[in-house]
Amino acid sequence: MNLYRPSAMALLATALAFALAACSDKEQTTQTLEPVAFHASDECHVCGMIIADFPGPKGEAVASNGVKKFCSTAELIGWWLQPENRVSGARLYVHDMGRSVWEHPDDEHLIDATSAFYVIGISLKNAMGAPLASFASEEQAQQLAAMHGGRVLRFEEIDQALLQAAASQQHGGAMHGHAGH
């Protein structure tokens, strides 16, 4: 009977080590779902363009298996609307343009994309698709909409048809809002 005791202890120690590792993985996953800064060499997950080459708010999807970055909020939302991407468990972030300048959004002010207010139908330059300005404050979104003739939407009001129609109207059917691309 004593022959089995060391093996049982080793088995118990191994099981305990796996349990502790699993707890550690869960903590690490939670920590990695926070927004991350954009870098000069980052490429858009959808179109492959260098994100920093374009003005306007950007987006990112942060999941336990990595971060996908997008050159515009429209690219992020368009990607998210694809059914296969909704199962990733990702958290979505966009720049708060109420605390950033259009030409160089501030990564210190990334907000939850699903609770943001969006202004569509404006003619500000951006990367891909229609400019879709993101704000934490509805009041600031309304101010931009009034100034540029746009309208304010919530995340759940945006669908592929809306994004495509806005891009077509904005760019005369072209997908790029920046000369030379």
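**Close-up views of a predicted protein model**

**Figure 1. Surroundings of helix α3 in the predicted model.** The elements that cover the buried residues of α3 include the strands β5 (117-120), β6 (132-135) and β7 (151-154). The helix itself spans residues 138-148, and Ala141, Leu144 and Ala145 are buried within it. Viewed down the axis of α3, these buried residues fall within an arc of 100°, and they therefore line one face of the helix. The face turned away from this buried side bears Glu139, Ala146 and Met147, which are exposed.

**Figure 2. The two ends of helix α3.** At the N-terminal end, Ser137 acts as a cap of α3. A side-chain oxygen of Ser137 is placed 3.2 Å from the backbone nitrogen of Glu139. Glu139 is also one of the exposed residues on the face of α3 turned away from its buried side. Just after the helix, Gly149 adopts a positive phi of about 70°.

**Figure 3. The aromatic cluster of Phe70, Trp79 and Trp80.** Two aromatic pairs are counted in the model. In the pair of Phe70 and Trp79, the ring centres are 5.3 Å apart and the planes meet at 45°; the pair is tilted because this angle lies neither under 30 degrees, as for stacked rings, nor over 60, as for edge-to-face rings. Trp79 also pairs with Trp80, with 6.1 Å from centre to centre and 45° between the planes, and this pair is likewise tilted. Phe70 and Trp79 are both buried, and Trp80 is buried as well. Together, Phe70, Trp79 and Trp80 make up one aromatic cluster.

**Figure 4. Charged side chains over aromatic rings.** The charged end of Lys69 is positioned over the ring of Phe38, at 5.3 Å from the ring centre. For Arg154, the charged end sits over the ring of Phe117, and the separation from the ring centre is 3.8 Å. Residue 117 falls in β5 (117-120) and residue 154 in β7 (151-154), strands included in what covers the buried residues of α3.

**Figure 5. Overall context of the close-up views.** The protein contains four helices and seven strands, arranged along the sequence in the pattern α-β-β-α-β-β-β-β-α-β-α. Of its 181 residues, 40% count as buried. Among contacts between residues at least 6 apart in sequence, 61% join residues at least 24 apart. The accessible surface of the protein amounts to about 10100 Å², and carbon and sulfur atoms account for 56% of this area.

Note on methods
Residues numbered from 1 in each chain as written. Predicted model: local features only at pLDDT ≥ 70, side-chain atom pairs only at ≥ 80, totals over all residues. Heavy atoms only, no water. Phe/Tyr/Trp six-rings, centres within 6.5 Å; stacked < 30°, edge-to-face > 60°. Buried < 20%, exposed > 50% of the residue type's maximum accessible area, 1.4 Å probe, protein only. Lys NZ or Arg CZ within 6 Å of the ring centre and 35° of its normal. Contact = heavy atoms within 4.5 Å. Areas by Shrake-Rupley, 256 points an atom, 1.4 Å probe, with all protein chains shown as cover. Arc of directions from axis to C-beta. Polar contact = N/O pair within 3.5 Å; in protein donor to acceptor, adjacent residues only side chain to side chain.
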